[in-house]
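Biologist: Could we take a close look at one part of this model together? I would love a guided walk through it.

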Amino acid sequence: MISEDQAALEFRAVGKRYGAVEAVREVSLTIAPSQFVALVGASGSGKSTLLKTINRLAKADSGEVIYEGDPVGSLPLPALRRRVGYVFQSIGLLPHMTVGENIAIGPRLAGEKLSPARIAELLELVELDAGMATRMPDALSGGQRQRVGVARALAGDPHLLLMDEPFGALDPVIRDALGVRVRKLHDELGLTTIMVTHDMAEALLLADRVLVMDAGAIVADETPQSLLEGRGGAVAQELVAVPRAQADRLAELAR
Amino acid sequence: MSEIWQALLNLGDQLAAHVLLSAAAIALGITVALPLAVWASRSPAVSRAALGFASLVQTIPALALLALFFPILLSLRAVFGEGLPTLGFLPALLALSLYALLPILRNAITAQANLDPGVIEAADGVGMTFWQRLRLVEAPLSAPYIMAGIRTAAVWTIGAATLATTIGQKSLGDPIFAGLQTQNWVLVLAGCIASAGLALIADGLLGTIEKGLKTRRRVLTFGGLAAVALGVGAALLANFGGSDERRIVIGAKGFSEQYILARLIGQQLEESGFSVDYRDGLGSAVAHRAVTTGAIDVLVDYTGTIWTNQMRREDNPPRDAMLEEIAAWETDTSGTHVLGRLGFENAYGLAMRDERAAALGIESIADLAGAAGGMTVGGDPEFFERPEWIAMRDTYGLRFAERRNFSPTFMYNALQSGEADVIGAYTSDGRIAADGLTILEDPQGAFPNYDAIVLLSPGTGSNAAIRAAIAPLMGAIDVEAMREANLSVDREEDKLTFAEAARRLADRIGL
Ligand SMILES: Nc1ncnc2c1ncn2[C@@H]1O[C@H](COP(=O)(O)OP(=O)(O)OP(=O)(O)O)[C@@H](O)[C@H]1O
Ligand SMILES: [Mg+2]
């Protein structure tokens with residue numbers, strides 16, 4: 001059992017380098033259960049790498065990541081990955097399996113068969129028709145595919161949901177709707193969520209907490225409110241300035 | 001047309017052997033290529049090395065690759081013992097598997113390299129182990145491409161397997177080589193049609209499996225697999241299902257006389273109640289090896305050939321002394337038995353057209369020395385590599401303007417058409433009299449004696465019944481009889497089959 005005050009996730013001086021590139025440097029932070037955290041930053045700032053150190057798709061060179069009290073390095077890899085839902089930017093549906101088989105793949109690896117009813121329920125969670133279960137991924141739209149990606153991440157009843165630019169390739173209307181849906185799921189299922197995004201507006205609107213990364217380090221760790229009030233430093237404010245300026249111009253046009 | 005039908009219908013044994021050899025070679029190729037491809041996908045160095053090796057193998061002509069396994073297996077006997085076969089199925093299987101490697105390996109490595117990295121990352125991300133990822137994701141996604149490689153390999157292998165005939169493995173190459181030898185185009189065509197047809201069927205079935213994998217239609221995949229399994233199963237049954245009595249295997253080198261004598265010996269053995277099998281079209285060195293190692297049981301060989309090629313002797317003793325020494329040498333080195341002479345000699349000689357020789361005043365090889373500078377000499381592919389040729393060339397100081405290789409049959413045509421002025425001929429060849437050729441005298445005795453003798457493998461030689469069955473042939477065949485028999489299969493018109501020629505020969509010598 002996880003006690004109320006135990007952190008869902010803790011980074012202790014985590015570092016990761018690829019040759020000469022220091023992708024993540026000395027990141028330390030604690031994430032409380034049920035937080036919805038947005039991770040923003042320029043391209044190449046190390047967001048994906050930091051996320052991958054959690055389920056060891058990238059192995060930290062130094063420091064450690066603690067997931068619900070256990071250092072992730074000490075957990076058997078398949079078990080760890082089944083406890084962490086992961087939504088990929090590239091979606092990564094297995095093209096030779098049906099939607100239903102894709103959703104059920106995590107539990108199947110653990111030797112457990114998902115019932116059709118459970119698959120229907122998961123599809124419903126992401127607002128897809130239960131009849132989709134028998135379709136092949138290439139017969140879906142981009143938005144539908146990413147919903148299946150989310151359903152697959154949730155199939156193992158994870159406590160932690162990691163999303164790496166999950167809505168990057170979607171059109172704005174669907175992107176907005178899916179963002180809202182994911183936030184609702186987060187609340188309903190009591191998840192702890194980390195979402196990587198390029199889009200500061202999305203981060204501000206969906207998250208409880210926004211982390212800003214620059215050159216491998218966390219340079220700001222604020223609530224959306226305090227970011228909008230001007231805190232968080234230059235890099236963070238540069239990012240906040242973009243949607244703010246857009247909003248201002250739109251307001252002006254509307255007048 | 002009906003002749004071809006008839007020839008095709010007679011190819012059942014060869015077809016079954018061909019199917020089994022090809023299927024086994026492809027299966028072995030797959031077994032080696034797939035793990036190698038998995039390893040290669042994890043290591044660029046392995047990938048480069050494996051593809052480099054497979055490509056290198058492709059550049060070796062298939063005929064040479066097959067022949068190369070003979071010395072390789074021979075040296076491996078040091079490790080695996082004398083029981084290791086050096087001829088027939090094993091070397092053919094190994095060589096063809098190497099040949100099948102490249103297309104399978106290349107397609108498997110390419111398929112792996114082209115897998116969507118997002119899909120691979122997702123497979124890891126959902127918690128697959130190495131083997132789960134291989135089984136559940138990489139294998140099914142690569143399967144259609146690997147199947148395409150297997151398909152290419154199958155077509156190549158079925159084609160190249162016809163060459164297995166030359167190393168003593170029964171295949172659809174048997175009629176092709178026999179037919180080429182005697183310009184019996186019906187046989188050649190039948191062999192080609194059968195092997196091409198087999199390749200097309202295999203291509204079609206494997207293509208169906210590939211399509212099934214690609215479009216994920218199990219009916220096609222399993223239907224294709226079932227058809228392949230059925231074909232291989234039928235071949236297995238045809239090959240091993242019959243009586244399991246031991247057959248006496250009679251070898252023949254790749255020329256008419258050998259085919260005929262093999263049938264003659266076979267018919268004698270069959271009359272004595274043995275069942276027999278033929279390994280035709282063996283290379284000269286391979287054939288001798290085959291009988292000394294027991295890969296075949298009976299072979300007709302020639303004293304001079306063994307003397308110069310196997311014993312590496314350069315002196316030239318009288319024929320009785322030579323035969324005695326050969327018999328002793330065979331017994332000492334391998335336990336092979338020399339049963340005795342058949343009666344005729346098939347010597348190497350240099351032949352010219354009668355008129356041409358008369359016009360130039362050439363009667364002996366010594367006369368030729370002066371004129372050779374303006375002449376083309378023709379020979380079969382083995383001829384110019386043999387010590388006899390080298391000895392004769394040096395003895396008489398022959399310097400020809402040009403040297404050309406022909407298959408034995410085409411050599412005689414070349415002489416008639418003037419493409420060659422002199423050819424290295426065989427003295428028992430029926431075409432010498434029929435074509436009006438002169439065999440040039442050999443005053444210095446550069447060529448040794450070439451009495452035809454019967455060799456029995458170490459295991460067969462002690463079998464009194466076999467010896468008794470062949471004994472009536474000893475000393476019974478004179479060179480006229482042999483020439484007539486050879487001509488009856490070599491001539492352009494009214495060709496006899498080898499078996500018919502053998503029966504006529506038996507009649508003529510009063511058996
Ligand atoms: N497998 C790898 N091998 C070598 N370098 C890598 C690898 N993965 C990431 N990097 C490097 O590490 C740095 C951080 O990459 P990362 O993918 O974490 O950035 P990001 O913030 O997710 O960028 P983006 O917003 O473009 O996805 C980059 O300089 C990148 O080139
Ligand atoms: Mg990224």
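Which strands does helix H18 (residues 408-417) of chain B lie across, and at about what angle does the helix run to E6(B)?

Modeller: Happy to walk you through that part; please keep in mind that this is a predicted model. Helix H18 of chain B lies across three elements of that chain, namely E5, strand E6 (376-379) and strand E8 (422-426). Relative to E6(B), the helix runs at about 160°.

Those strands belong to an open sheet of 5 strands in chain B, and reading across it gives the order E7-E6-E8-E5-E9, with mixed pairing. At the edges sit strand E7 (402-405) and strand E9 (437-439) of chain B, each of which pairs on one side only. On average, and ignoring direction, neighbouring strands of this sheet are turned by 35° against each other.

Let us follow the sheet to the E9 edge. There, strand E5 (residues 348-353) of chain B pairs with E9(B) in the antiparallel sense, over 3 bridges. A residue pair to look for is B:Ala351, which stands opposite B:Ile439 in E9(B).

If you then zoom out to the partner chain, you will find 16 residues of chain A in contact with 15 residues of chain B. On the chain A side, helix H2 (77-83) and helix H3 (99-109) each supply at least two of the residues that touch chain B. By class, that side of chain A has 9 nonpolar, 5 polar and 2 charged residues.

Conventions
Residues numbered from 1 in each chain as written. Chains lettered and ligands numbered in written order. Predicted model: local features only at pLDDT ≥ 70, side-chain atom pairs only at ≥ 80, totals over all residues. Contact = placed C-beta atoms within 7 Å. Helix = DSSP H or I, 4+ residues; strand = E, 2+ residues; numbered from the N terminus. Nonpolar A, V, L, I, M, F, W, Y, C, P; charged D, E, K, R; others polar. Pairing = 2+ DSSP bridges. Axes fitted to C-alpha atoms, helices over the stretch in contact; angles between N-to-C directions.
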